[in-house]
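Welcome! Let us take a walk through this protein together, one part at a time. Please have a look at the sequence and the structure first.

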Amino acid sequence: MLTIKKYAAIDIGSNAVRLLISNIIEQKGKPTLFKKSSLVRVPIRLGADVFLNQKISKENELRLIDTMNAFKLLMKSHKVIAYKACATSAMREAENGKDIVKLIKKHSKVKIDIIDGEEEAAIIAATDLNSFIDKSKTYLYVDVGGGSSEFSVIHQGITTASKSFKIGTVRLLNDIVQKEAWLELEAWIKQNTKDFEKIDLLGSGGNINKIFKISGKPLGKPLTYFYLTSYYNMLQTYSYEERITELDLNQDRADVIIPATRIYLSAMKWSDAKYIYVPKIGLSDGIIKSVYFGAVSSVNIV
């Protein structure tokens, strides 16, 4: 017998806000399947407010409320039965973050949980990376966001170390990442990867997904350090406007893609990784899995 349920995840990030709706397919005697049904992305870029002014602007507050109202209607139309909404770096650092969460609940009935970096990394880890990796290998998993990036070392299918760093694309664009943060990240990567002879990177986030798509590589095949370096150098020969008109990048992708690539390349350099695999997973996928397996509290019913 086949049963299909619909769950949703709302990811309120520093660069964009996303709604992922997934079909959960249950068959007796077979593993549960998670299949994406719909993904909506709105580039509100809360981090540009918070990392410079410590609070979310009135304009973006109203945009957030409108977006959550729209997401609520979409979940209803899709017949979603349960969802979880998580806000990350920008919202947790905003002086008015908690007030805006209350306003959103009042106006849209969407309940948002502000999560810390460690919980964010744990939810991403719930994406069941084991289905994407070779358990005989060691990986450095890097999820790059607008406000922070999460790093995990995975050896033979087991996470041996995990940490969140306040190094994200929107912070880098606004030149507010201190040199000390880079040094701390370098030291952490080297310390936690030094005992392994060979390491590959696993990369997640919208920017590495875009680079992978542009590369034309088949799913499951990695990008090389050489390819990523060449792409990074090529990007910098184009102006922001040219990246939109000539490279066909969206306007909210055309600027952040450069600092994102820098983060991935730095991680590859410090871990001596030659290859980066792109399994196309992230926080939204982790939220869906966490809701289904009961790994998180305060699941919301639509």
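How far apart do the C-alpha centres of domain 1 and domain 2 lie? In this predicted model, the two centres are 24 Å apart. To find the domains for yourself, colour residues 2-118 together with 283-300 as domain 1, and residues 133-277 as domain 2. Domain 1 is thus made of two stretches of the chain.

Now turn to the place where the domains meet. There, 14 residues of domain 1 are in contact with 15 residues of domain 2. The size of an interface is often given as the accessible area lost when the parts come together. Between domain 1 and domain 2, the buried area is about 1,200 Å², and carbon and sulfur atoms give 48% of it.

Let us begin with a hairpin. Strand 2 (residues 17-27) runs antiparallel to strand 3 (residues 33-42), and 9 bridges pair them. One pair to look for is Leu-19 with its bridge partner Val-40 in strand 3. Between these two strands lie 5 residues, and in this hairpin Gly-29 takes a positive phi near 80°.

Next comes a sheet. Its 6 strands follow the order 8-7-6-9-11-10, forming an open sheet with mixed pairing. Strand 8 (158-165) and strand 10 (223-224) are the edge strands; each has a single partner strand, so one side of each has no neighbour in the sheet. Further in, strand 6 (residues 138-144) and strand 7 (residues 149-155) run antiparallel and are joined by 7 bridges. Here Asp-143 stands opposite Glu-150 in strand 7.

Helices pack on this sheet too. Helix 7 (residues 179-193) touches strand 6, strand 7 and strand 8, and its direction makes about 175° with that of strand 8. Helix 11 touches strand 6, strand 7, strand 9 (200-204), strand 10 and strand 11 (275-277), and its direction makes about 160° with that of strand 6.

Finally, let us see how helices pack on one another. Two packed helices are described by the angle between their axes and the distance between the axes. Helix 8 and helix 11 (residues 257-271) pack at about 90°, with their axes 9 Å apart. Helix 8 is therefore roughly perpendicular to helix 11. In this contact, Asn-207, Ile-208, Lys-210 and Ile-211 of helix 8 meet Ile-257, Ala-260, Thr-261 and Tyr-264 of helix 11. By class, the contact has 5 nonpolar, 2 polar and 1 charged residues.

What does helix 8 (residues 206-215) do beside helix 9 (residues 225-235)? Their axes come within 12 Å and cross at roughly 100°, which means that helix 8 is roughly perpendicular to helix 9. On the helix 8 side, Ile-208, Ile-211, Ile-214 and Ser-215 take part, meeting Tyr-227, Leu-228 and Tyr-231 in helix 9. This contact has 6 nonpolar residues, 1 polar and no charged.

Conventions. Residues are numbered from 1 along each chain as its sequence is written. This is a predicted model: local features need pLDDT of at least 70, side-chain atom pairs count only at pLDDT 80 or more; totals for chains, interfaces and linings use all residues. Side-chain values use heavy atoms; hydrogens and water are left out. Axes are lines fitted to C-alpha atoms, for helices over the stretch in contact, and angles run from 0 to 180 degrees between N-to-C directions. Helices (H or I, at least four residues) and strands (E, at least two) are DSSP runs, numbered from the N terminus. Angles under 35 degrees count as roughly parallel, over 145 as roughly antiparallel, 65 to 115 as roughly perpendicular and the rest as oblique. Contact means heavy atoms within 4.5 Å. Ala, Val, Leu, Ile, Met, Phe, Trp, Tyr, Cys and Pro count as nonpolar, Asp, Glu, Lys and Arg as charged, and the others, Gly among them, as polar. Two strands pair if DSSP finds at least two bridges between them. Domain bounds come from an automatic or database domain assignment. Buried area is the accessible area (1.4 Å probe) that two parts lose on being put together, summed over both.
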